[in-house]
Amino acid sequence: MFPLVCCWCTAIPTAGFDEAVRQLGLHVMVRFVDAQHSARALARWVEQISGDMDYWRQRGVAVYEVGPTIGECVSVGVGDPQRDAAAVTAHYPGVPLCVEQGAPAVPLTAD
């Protein structure tokens with residue numbers, strides 16, 4: 001019987017990794033999820049897209065956020081995904097993108 005602790009392990013499939021984790025004898029349930037892309041690759045793509053904010057602003061595309069969806073894609077939050085998703089995706093061929101609705105950051109105040 002496992003305690004109420006659960007760990008998700010997202011990793012690029014590697015021979016023996018799952019079994020090595022199981023052999024640790026952890027008293028938690030571990031769910032293995034195969035990553036499609038490494039954290040290093042996603043970070044590199046996030047940096048590339050983040051550096052293009054002026055490029056997108058000059059083309060009328062509001063990019064509000066860029067970040068990794070661990071193991072899956074680079075999430076790009078834009079103001080109008082229906083209008084802009086195709087242009088953003090076409091500009092980064094080969095980069096796994098999840099273009100979604102974004103919104104400007106609203107700073108919190110102490111009031």
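**Notebook: a mixed sheet and an aromatic cluster**

Entry 1, the sheet. I looked up the strand order and found an open sheet of 3 strands, arranged S3-S4-S5, with mixed pairing. I note that the model is a predicted one. I then asked which strands stand at the edges. They are S3 (63–69) and S5; each has a single partner strand, so one side of each is left without a neighbour in the sheet. On average, neighbouring strands of this sheet are turned by 20° against each other, direction ignored.

Entry 2, one strand pair. I recalled that strands of a sheet pair through backbone hydrogen bonds, and that the pairing is either parallel or antiparallel. I then looked up how S4 (residues 73–78) and S5 run: they are parallel, and 5 bridges join them. In this region I noted Val 76, which stands opposite Val 99 in S5.

Entry 3, helices on the sheet. I next looked up what packs on the sheet. Helix H2 (residues 39–50) does, and it touches S3, S4 and S5. The direction of H2 makes about 170° with that of S3. Helix H4 also packs on the sheet, where it touches S4 and S5. The direction of H4 makes about 160° with that of S5.

Entry 4, aromatic pairs. I asked how many aromatic pairs there are. The count comes to 2. In one of them, the ring centres of Tyr 55 and Trp 56 are 4.9 Å apart and the planes lie at 85°; planes over 60 degrees apart count as edge-to-face, so this pair is edge-to-face. I also recorded the pair of Trp 56 and Tyr 92, with centres 6.2 Å apart and planes at 50°, so the pair is tilted. This pair links distant parts of the chain, 36 residues apart. Trp 56 lies in helix H3 (residues 53–58), whereas Tyr 92 lies in the loop between helix H4 (81–91) and strand S5 (97–101). Tyr 55, Trp 56 and Tyr 92 form one aromatic cluster.

Entry 5, exposure in the cluster. Is Trp 56 buried or exposed? Trp 56 has a relative accessible area of 3%; buried means under 20%, so Trp 56 is buried. Tyr 92 is buried as well, with a relative accessible area of 2%. Tyr 55, in contrast, is partly exposed, with a relative accessible area of 27%.

Entry 6, a charge over a ring. Lastly, I looked up where the charged end of Arg 44 sits. The charged end of Arg 44 sits over the ring of Trp 45, 5.9 Å from the centre of that ring.

Notes: Residues numbered from 1 in each chain as written. Predicted model: local features only at pLDDT ≥ 70, side-chain atom pairs only at ≥ 80, totals over all residues. Heavy atoms only, no water. Phe/Tyr/Trp six-rings, centres within 6.5 Å; stacked < 30°, edge-to-face > 60°. Buried < 20%, exposed > 50% of the residue type's maximum accessible area, 1.4 Å probe, protein only. Helix = DSSP H or I, 4+ residues; strand = E, 2+ residues; numbered from the N terminus. Lys NZ or Arg CZ within 6 Å of the ring centre and 35° of its normal. Pairing = 2+ DSSP bridges. Axes fitted to C-alpha atoms, helices over the stretch in contact; angles between N-to-C directions. Contact = heavy atoms within 4.5 Å.
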